[in-house]
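Work through the exercises below with the model open. Try each task before reading its solution.

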Amino acid sequence: SDSLSSGRLNGLRKMEGDFSTNISITNATDENREVWITLYRNDGEELIRYSMEIESGMVVQGMQPFKNRANEPSLGWGYAMVEGEKGILACASVIDSRTNDPVIVPLTR
């Protein structure tokens, strides 16, 4: 209950063939929750804002949102803002396409 439910995911990367980013949202409550995600270029330009409905007790992974939601297959660097209610847990993974190694990106204030 003390975890961040809203904040920023820094250091996200999308380079076609090199790096991809996924965003994971967990609803740790017994009620459905709506979560808003805004994707940005590294210079602060907003790309898209969208919502996801997360059912109670579920984990939803948004696969490659820069490519699939913002139509940016080779963005370079970016970040995301997550707006959720208490009981929402968010993180991102940045995957190196050559090694398939993920790096977990925690939500920060």
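**Exercise 1.** State the order of the strands in the open sheet of four strands, and find the edges.

*Solution.* This is a predicted model. The order is β5-β2-β7-β8, and the pairing is antiparallel. β5 (59–63) and β8 (101–106) each have a single partner strand, so one side of each lacks a neighbour in the sheet. These two strands therefore stand at the edges. From one strand to the next, the twist averages 25°.

Now take the β2 and β5 pair. β2 covers residues 19–27 and joins β5 through five bridges, in the antiparallel sense. Check one of the contacts: Asn22 has Met63 in β5 as its bridge partner.

**Exercise 2.** Describe how β3 connects to β4.

*Solution.* Start with the pairing. β3 and β4 (residues 46–54) run antiparallel, joined by eight bridges. Next, the turn. Four residues separate the two strands, which form a hairpin. Gly44 in this turn has a positive phi of about 100°. Finally, locate Tyr40: Glu46 in β4 stands opposite.

**Exercise 3.** Classify the aromatic pair of Tyr40 and Tyr79, and place both residues.

*Solution.* The count is one aromatic pair. The ring centres of Tyr40 and Tyr79 are 4.8 Å apart and the planes meet at 10°, so the pair is stacked. Planes under 30 degrees apart count as stacked. Tyr40 belongs to β3 (residues 33–41) and Tyr79 to β6 (residues 76–83), so the pair ties together parts 39 residues apart in sequence.

Then check burial. Tyr40 is buried at 16% relative accessible area. Tyr79 is buried too, at 10%. Last, look at the face of Tyr79: Arg8 lies over it, 3.6 Å from the ring centre.

Definitions and conventions:
Residues numbered from 1 in each chain as written. Predicted model: local features only at pLDDT ≥ 70, side-chain atom pairs only at ≥ 80, totals over all residues. Heavy atoms only, no water. Phe/Tyr/Trp six-rings, centres within 6.5 Å; stacked < 30°, edge-to-face > 60°. Buried < 20%, exposed > 50% of the residue type's maximum accessible area, 1.4 Å probe, protein only. Lys NZ or Arg CZ within 6 Å of the ring centre and 35° of its normal. Pairing = 2+ DSSP bridges. Axes fitted to C-alpha atoms, helices over the stretch in contact; angles between N-to-C directions.
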